[in-house]
Amino acid sequence: MVASSRKPKQLSHGDYSHYPQLSSFYEAKATGVLTHSLAELLASFQKKSSHYEAKTKLAVGLSGGADSSMLLATLAPLVRQANIALHIVHIHHGLMRDADIWAEHCQALAAYLGFECQVLKVDVERQSGLGEEAAARVARYRAYSQYCQAHGIVDFILAHHLNDQAETLLLRLLRGTGVKGMGGMLKTHTYGGITYHRPWLAIERQVITNAAAVFTQLSGFEMIRDPSNLDPRYKRAAVRRLLIPGLDSAWPQWKQNLGRHARLMLDAQALLDEVAEADLQTLDLRDDAKDFCLASWRKLSLRRQANVLRHWLTLHDVPMPTERRINDWLRQLREVHQLGFDRGLSFKHQHWLIEVERGRVRLCCGAD
């Protein structure tokens with residue numbers, strides 16, 4: 001790529017000349033709060049891309065609900081001003097009766113703001129053992145990654161907010177997650193070559209719904225309300241309906257407190273990662289760190305063995321197994337012959353395979 005002497009254009013929070021009918025929306029206090037975080041993020045993209053001739057590309061997911069709709073509405077004037085190519089993606093899961101109507105709504109909303117919305121239909125593996133919510137999430141992110149890779153996009157913005165973060169932490173706590181899980185959703189996270197950004201993680205959802213009310217009044221676009229969000233058969237909805245009202249009443253600042261807890265857990269996990277990375281470098285790594293020495297691993301303390309194994313899996317984007325499964329792996333790795341001569345020792349996990357042979361532990365992709 002050719003270096004450029006271009007200086008990034010300074011973004012203004014008040015440039016919405018393309019949308020005169022929405023002037024009251026962009027002048028609203030709630031919209032200003034939402035726009036500030038987005039403008040800072042886009043400025044960082046612009047600064048990074050100013051060294052290259054290629055036009056900056058960015059993607060967002062649009063479900064049609066208040067959160068993603070307000071993300072698109074607040075982004076629209078900013079990406080126009082910054083000359084950023086915005087790709088809008090709607091995932092059609094096919095799980096709800098109104099899925100086709102929702103897709104049409106998202107395309108209409110995008111067109112109203114002067115963009116196109118790509119509708120991607122996905123197959124949700126209902127028998128995956130993950131549960132419908134988790135399986136839909138896996139299908140959604142797989143589609144996001146495939147779309148971005150096909151269009152040369154590396155940055156994707158999500159509309160998760162403080163309430164989402166608090167619900168996620170409650171769910172993970174109830175499931176018995178560890179330090180890493182209690183770090184909550186990350187503000188920036190890279191997976192599958194795509195960097196996902198959550199600039200609204202510190203913003204309460206009430207700010208978003210306030211902005212959405214103004215937008216609906218001016219544009220006529222009602223926000224989609226997914227009935228599964230309040231269906232207690234789904235874990236997140238059960239937390240939302242059964243636990244959160246009581247927490248709001250007894251501990252008004254509980255969401256902020258959980259957010260602070262998540263930051264502390266991230267600090268703790270960062271320390272564990274530093275220890276794990278140092279230990280990993282003692283294991284005679286081979287094949288791009290997909291192969292390590294079993295005997296060297298056994299010299300570590302039991303806790304550090306477990307810590308470095310989890311770090312090794314994360315390093316290669318392997319979904320973390322259940323505690324029961326990883327404890328079984330640890331037991332077998334500690335008991336197998338020092339040179340790995342035990343026949344047939346291998347651990348299958350989704351499409352990954354971990355094999356032990358001649359004193360080496362090897363990670364293989366593409367297991368059937």
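Let's start in a loop: V318 sits in the stretch between helix α11 (302-315) and helix α12 (323-335). Keep in mind as you look around that this is a predicted model. Is V318 buried or exposed? With a relative accessible area of 6%, V318 falls under the 20% cut-off, so it counts as buried. If you set aside residues up to four places away in sequence, V318 touches L313, H349, W352 and L363. Take H349 from that list: V318 and H349 are 31 residues apart in sequence, while their C-alpha atoms are 8.6 Å apart in space.

H349 takes us to strand β8, which covers residues 346-349. Side chains alternate along this strand: F347 and H349 point to one face and are buried, whereas S346 and K348 point to the other face and are not. The partner of β8 is strand β9 (residues 352-357), and the two pair in the antiparallel sense over four bridges. Within that pairing, K348 stands opposite L353 of β9. The hairpin formed by β8 and β9 has two residues between the strands, and here Q350 takes a positive phi near 55°.

Now for the big sheet elsewhere in the chain. How are its strands ordered? This open sheet has six strands, running β3-β2-β1-β4-β6-β5, and the pairing is mixed. At the edges stand β3 (117-121) and β5 (188-191); each has a single partner strand, so one side of each is left without a neighbour in the sheet. Going from one strand to the next, the twist averages 30°.

Step inside the sheet and you find β1 (residues 57-61) paired with β4 (residues 155-157) in the parallel sense, over two bridges. One of the bridge partners to look for is F156 in β4, which goes with A59. Helices pack on this sheet too. Helix α3 (residues 66-82) touches β1, β2 (85-92) and β4, and its direction makes about 160° with that of β1. Helix α4 (residues 99-112) touches β2 and β3, with its direction at about 170° to that of β2.

What about the nonpolar residues? As a rule, in soluble globular proteins nonpolar side chains tend to be buried together. In this model, the largest nonpolar core has 44 residues, and those with the most contacts inside it are M70, L113, I157 and F215. Two or more residues come from each of α1 (23-27), α2, β1, α3, β2, α4 and α7 (205-219). Which element gives the most? That is α3, with 10 residues.

I157 is a good place to look around in this core. Leaving aside neighbours within four places in sequence, the contacts of I157 include L38, L41, L42 and F45, then L58, A59, V60 and G61, and also L71, L75, H197 and P199. There is also a second, separate core of 24 residues, which includes W329, L345, F347 and L363.

P199 turns up again if you go to S37, a residue of helix α2 (residues 29-49). Beyond its neighbours within four places in sequence, S37 is in contact with P199, W200 and I203. S37 has a relative accessible area of 19%, so with the cut-off for buried at under 20%, it counts as buried.

Finally, have a look at how some helices meet. The axes of α6 (residues 162-175) and α8 (residues 235-250) come within 10 Å and cross at roughly 105°, so the two helices are roughly perpendicular to each other. Among the residues making this contact are L170, L171 and L174 of α6 and V239, L243 and L247 of α8. By class, the contact of α6 with α8 divides into seven nonpolar, one polar and six charged residues.

Helix α9 (residues 254-280) and α11 pack at an angle of about 90°, with their axes 9 Å apart, which makes α9 roughly perpendicular to α11. The residues in this contact include L272, V275 and A276 of α9 and V308, H311 and W312 of α11. The contact of α9 with α11 has seven nonpolar, two polar and four charged residues.

One last stop in α9 is L266. L266 is partly exposed, with a relative accessible area of 32%. Not counting residues up to four places away in sequence, L266 touches G183 and L186. L266 and G184 are 82 residues apart along the chain, and their C-alpha atoms are separated by 8.2 Å.

Technical notes:
Residues numbered from 1 in each chain as written. Predicted model: local features only at pLDDT ≥ 70, side-chain atom pairs only at ≥ 80, totals over all residues. Heavy atoms only, no water. Pairing = 2+ DSSP bridges. Axes fitted to C-alpha atoms, helices over the stretch in contact; angles between N-to-C directions. Contact = heavy atoms within 4.5 Å. Buried < 20%, exposed > 50% of the residue type's maximum accessible area, 1.4 Å probe, protein only. Core = buried A, V, L, I, M, F, W, Y, C linked by side-chain atoms within 4.5 Å. Parallel < 35°, antiparallel > 145°, perpendicular 65-115°, else oblique. Nonpolar A, V, L, I, M, F, W, Y, C, P; charged D, E, K, R; others polar.
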